[in-house]
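Student: I would like a close look at one part of this model, namely its salt bridges. Please take them pair by pair and say where the partners lie.

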Amino acid sequence: MAKVSYGAALAWLAQEAPGRIAAICGAQSITRRELDARSNRLARAYQALGVGPESRVTIALPNSLEFLVACMAVWKLGASPQPISARLPPKERDAILELSQPALIAGVRAADYPQLASVPPDFAPSAALSDAPLPDVVPQRVRTMTSGGSTGRPKLIVDLTPGLCDPELAENFMRPRGVALAPGPLYHAGPFIVAWQCILSGGTLVLMERFDAEQALALIERHGVDWVLFVPTMMQRIAKLPADVRNKYDLASLRRVMCSGAPSPVWLKRFWIEWLGAEKIYEAYGGTERIAGTVIDGVEWLAHPGSVGKPPPGRMMRAQRADGTLCAP
């Protein structure tokens, strides 16, 4: 089908299979229908607090189903979610908010920011608010991530991509109606993007509240996870598990292990290739800034150890001098 807004995509999925699980986090799960209805009601609560098209909403919530409902509510109003760590020290959070100037902060006490509209953690909108569909709107800035870069000062990375997708088309080489594991915090670009690529293409997201090496393997086996995104630190922790612990879990469902977020040591990449097979091990670079990006699989990596690959189709990278002339390869 043609691309539609994120809100329309979720509504279509909720009609197609309302009882299918959209996401699992800890002992909780949420169906497509529940995610659609709950985000409709929450969107109306956010709207009453001043959120509308082109707004930015800071989401200071931990990995949770509540986080997912909040993001979808923001998109249904044509606004941009701007996730940050729920554990940020006030000084760092204040510096981000000074840049962001959000219409609303989700996940803080009203006393902390009396000058801004806010809702606390575990906020429940009034049951009197309708959970019926809202007018369809396409968010023009799909997300606003934060980064400190090398300066230590916060910056906002505004993704100018509109919030459109085809709910019948799996993205990022995911399996249609597959199961993806997001073990990292959703205020980082990689886990955030993967989570929504999975949900909005009809898959089931398995979201970890916090990373634990052995628990990640247990979740892969329990839920038949076929796609996972790790950062090298997570892969190192798994690699350093005792062999009898690591090998007691059945990981046959895994089709793709993606690594991103930091350089992957050569020894670590070789370990995973030897353990699970080169055809399953991938690495990506450049996901946060969304300017270009590269990807490489394990087979190509064995021929070019240390490489982060080439831009995928539709993207281009080039290195140029200060005067604009191209550098040699």
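Tutor: Buried residues have under 20% relative accessible area and exposed residues over 50%, with partly exposed residues in between. The model is predicted, and the classes below are to be read on that footing.

With this scale, consider Asp-112, whose relative accessible area of 30% makes this residue partly exposed. Asp-112 forms a salt bridge with Arg-109, and the closest N and O atoms of the pair are 2.8 Å apart. Arg-109 has a relative accessible area of 56% and is therefore exposed, the cut-off being over 50%.

A second pair is formed by Asp-226 and Arg-175, joined by a salt bridge with 3.0 Å between the closest N and O atoms. The pair links distant parts of the chain, 51 residues apart. Asp-226 sits in the loop between helix 6 (213-223) and strand 13 (227-230), while Arg-175 belongs to the loop between strand 10 (164-165) and strand 11 (179-182). The two partners fall into separate classes: Asp-226 is buried at 2% relative accessibility, and Arg-175 is partly exposed at 35%.

A third pair consists of Lys-76 and Asp-36, whose side chains meet in a salt bridge at 2.6 Å, N to O. Because Lys-76 lies in helix 3 (residues 65-76) and Asp-36 in helix 2 (residues 32-48), this pair ties together parts that are 40 residues apart in sequence. As for accessibility, Lys-76 is buried, with a relative accessible area of 7%. Asp-36 is likewise buried, with a value of 13%. Both values are under 20%, so each partner meets the cut-off for a buried residue.

Beyond these pairs, a network of salt bridges links Glu-16, Arg-32 and Arg-177. The count for the model comes to 10 salt bridges, among them the Lys-76 to Asp-36 contact and the Arg-109 to Asp-112 contact.

To recapitulate the placement of the partners, the contact between Lys-76 and Asp-36 connects helix 3 with helix 2, whereas the contact between Asp-226 and Arg-175 connects two loops. In terms of accessibility, Lys-76 and Asp-36 are buried, Asp-226 is buried beside a partly exposed Arg-175, and an exposed Arg-109 is paired with a partly exposed Asp-112.

Key
Residues are numbered from 1 along each chain as its sequence is written. This is a predicted model: local features need pLDDT of at least 70, side-chain atom pairs count only at pLDDT 80 or more; totals for chains, interfaces and linings use all residues. Side-chain values use heavy atoms; hydrogens and water are left out. A salt bridge is a side-chain nitrogen of Lys or Arg within 4 Å of a carboxyl oxygen of Asp or Glu. Helices (H or I, at least four residues) and strands (E, at least two) are DSSP runs, numbered from the N terminus. Buried means under 20% relative accessible area, exposed over 50%, partly exposed in between (1.4 Å probe, protein chains only).
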